[in-house]
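User: I am new to this structure. Please take one spot on its surface, look at it closely, and then use it as a way into the rest of the chain.

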Amino acid sequence: AVFRFYPLVRGAYYSLTEWDGYNEPVFVGLQNFINLITQDDLFRAAIANTVKLLLTLPVWVIFPMILAVLIFQEVPGWRFFRGAYFFPCVLSAVIVGSIFNMVLRIDGPLNQLLRGVGLKPLALDWLGTPMTALPSVIAVAIWASFGTGVIVFLAGLGSVPTDFFDAAKIDGANWLQTLWFIIVPVLRPTIEFVAVTASMGMLTSLFGYVYVMTGGGPGTATYLPEYLIWIQQGSLNRPGYASAISMMLFLILFAVALFQIRLMARAKED
């Protein structure tokens with residue numbers, strides 16, 4: 001109640017005010033929200049980038065699931081990879097962002113590698129080009145967090161009866177058939193859980209990567225609502241307006257979670 005509900009209520013109140021954080025808040029009703037929707041180009045850019053971000057959700061789910069299946073089936077080196085995959089999760093976004101700032105710069109290791117193997121046209125300014133900046137940030141965020149999904153899927157795979165795999169092997173099922181017809185149906189609750197938590201995480205946990213790697217640029221290519229909240233609060237000293245953006249982000253999170261939960265419920269009924 002103290003650390004969740006009360007701040008939410010206070011934030012909702014401040015979103016209806018014009019406030020500089022020092023003087024008494026002035027109640028302005030829905031004016032902040034009207035300005036966001038009708039006048040704020042940065043907010044519209046942040047929402048457009050959020051839609052692009054949400055479209056990558058299947059990658060956040062499928063990638064760790066496949067790696068977890070490979071570890072579960074004890075492919076060569078599985079013990080090493082089980083720890084290696086989780087290692088990035090213990091690093092802060094600032095550390096990860098700083099590392100990939102060096103890796104992805106125009107004269108960085110990635111471009112040197114591409115030039116070395118004859119792929120010079122692919123050597124781009126990954127964080128300085130609007131077309132590649134947001135995908136680069138998303139790719140780094142996935143790399144830094146997919147280990148958690150691997151652990152969750154491994155826990156789910158522990159509940160799969162080994163008889164299922166033995167029966168599939170006897171029937172001549174290949175790896176993809178085993179994955180699609182046995183593992184995916186059994187892991188359905190786990191997939192749903194990872195999908196919901198991943199979508200919540202991608203909307204609320206990318207600030208550190210954006211702040212360190214691109215600063216929202218180039219232009220507005222990597223602006224996201226949480227970064228825009230910081231700009232309004234920390235740089236422009238408009239906590240009332242920042243609270244309005246926070247409420248909009250909360251509504252987006254709520255809508256995405258509600259949509260996923262209803263979709264899962266409908267799938268179970270079918």
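Analyst: Start with Phe250, which lies in helix 14. The model is predicted, and every value below is computed from it. Is Phe250 buried, exposed or partly exposed? Its relative accessibility is 36%, so Phe250 counts as partly exposed.

Phe250 has company. Together with Leu8, Leu251, Phe254 and Leu258, Phe250 makes a nonpolar surface patch of about 430 Å². Residues need over 30% relative accessible area to enter such a patch. Phe250, at 36%, is therefore on the right side of that cut-off. Helix 14 runs over residues 239-269. Helix 14 gives the patch its largest share, four residues.

Now step to the loop between helix 13 (225-235) and helix 14. Leu236 is found in that loop. Leu236 has a relative accessible area of 46%, so this residue is partly exposed. How far is Leu236 from Ala84 in space? The two C-alpha atoms are 41 Å apart. Along the sequence, 152 residues separate Leu236 and Ala84.

That distance belongs to a chain of 270 residues. The C-alpha trace spans about 75 × 55 × 30 Å along its principal axes. The secondary structure comes to 14 helices and two strands. The accessible surface of the chain is about 15200 Å². Of that surface, 68% belongs to carbon and sulfur atoms.

Go inside next. In this chain, 41% of the residues count as buried. Nonpolar side chains tend to be buried together in soluble globular proteins. Here the largest nonpolar core has 62 residues. Which helix gives this core its largest share? The answer is helix 8 (residues 130-157), with 12 residues. The core residues with the most contacts inside it are Trp60, Leu157, Leu206, Tyr209 and Met213.

Met213 shows how separate stretches of the chain meet. With neighbours within four places in sequence left aside, Met213 is in contact with Gly97, Phe100, Asn101, Leu104, Leu127, Val137 and Val140. The chain as a whole has many contacts to count in this way. Among contacts between residues at least 6 apart in sequence, 66% join residues at least 24 apart.

Polar residues are found inside too. Asn111 is in helix 7 (residues 109-116). Asn111 counts as buried because its relative accessibility is 0%. What joins the side chains of Asn111 and Trp126? A polar contact of 2.9 Å does. Beyond its neighbours within four places in sequence, Asn111 also touches Arg105, Ile106, Leu122, Ala123 and Leu124, among others.

Asn49 is a second buried asparagine, at 3% relative accessibility. Its place is in helix 3. Not counting residues up to four places away in sequence, Asn49 touches Leu134, Thr220, Ala221, Thr222, Tyr223 and Leu224.

Charged pairs come next. Side chains of opposite charge can pair when their charged atoms come close. How many salt bridges are counted here? The count comes to three.

One of them is also in helix 3 (residues 41-54), where Arg44 and Asp41 both lie. The closest N and O atoms of Arg44 and Asp41 are 2.3 Å apart. These two residues are three apart in sequence, about one turn of the helix. Asp41 is exposed, with a relative accessible area of 54%. Arg44 is partly exposed at 37%.

Another bridge leads back to Asn111, since Arg105 is in contact with Asn111 and the side chain of Arg105 meets that of Asp107 in a salt bridge. The N to O distance is 3.2 Å. Arg105 counts as partly exposed at 43% relative accessibility. Asp107 counts as partly exposed at 46%.

The remaining bridge joins Arg188 and Glu192, at 3.8 Å from N to O. Both residues are in helix 11 (residues 188-204). They are four residues apart, so about one helical turn separates them. Is Glu192 buried or exposed? At 12% relative accessibility, Glu192 counts as buried. Its partner Arg188 counts as partly exposed, at 36%.

To return to the starting point: Phe250 is partly exposed, and this residue is part of a nonpolar patch on the surface. Met213, in contrast, is one of the residues with the most contacts inside the largest nonpolar core.

Definitions and conventions. Residues are numbered from 1 along each chain as its sequence is written. This is a predicted model: local features need pLDDT of at least 70, side-chain atom pairs count only at pLDDT 80 or more; totals for chains, interfaces and linings use all residues. Side-chain values use heavy atoms; hydrogens and water are left out. Buried means under 20% relative accessible area, exposed over 50%, partly exposed in between (1.4 Å probe, protein chains only). A polar contact is a pair of N or O atoms within 3.5 Å; within protein, one must be able to donate a hydrogen and the other to accept it, and residues adjacent in sequence count only if both atoms are side-chain atoms. Contact means heavy atoms within 4.5 Å. Patches are made of residues with over 30% relative accessible area and no salt bridge: like charges are joined within 9 Å, nonpolar side chains (Val, Leu, Ile, Met, Phe, Trp, Tyr) within 5 Å. Accessible areas come from the Shrake-Rupley method with a 1.4 Å probe; for residues, only the protein chains shown count as cover. A salt bridge is a side-chain nitrogen of Lys or Arg within 4 Å of a carboxyl oxygen of Asp or Glu. A nonpolar core is a set of buried Ala, Val, Leu, Ile, Met, Phe, Trp, Tyr and Cys residues joined through side-chain atoms within 4.5 Å.
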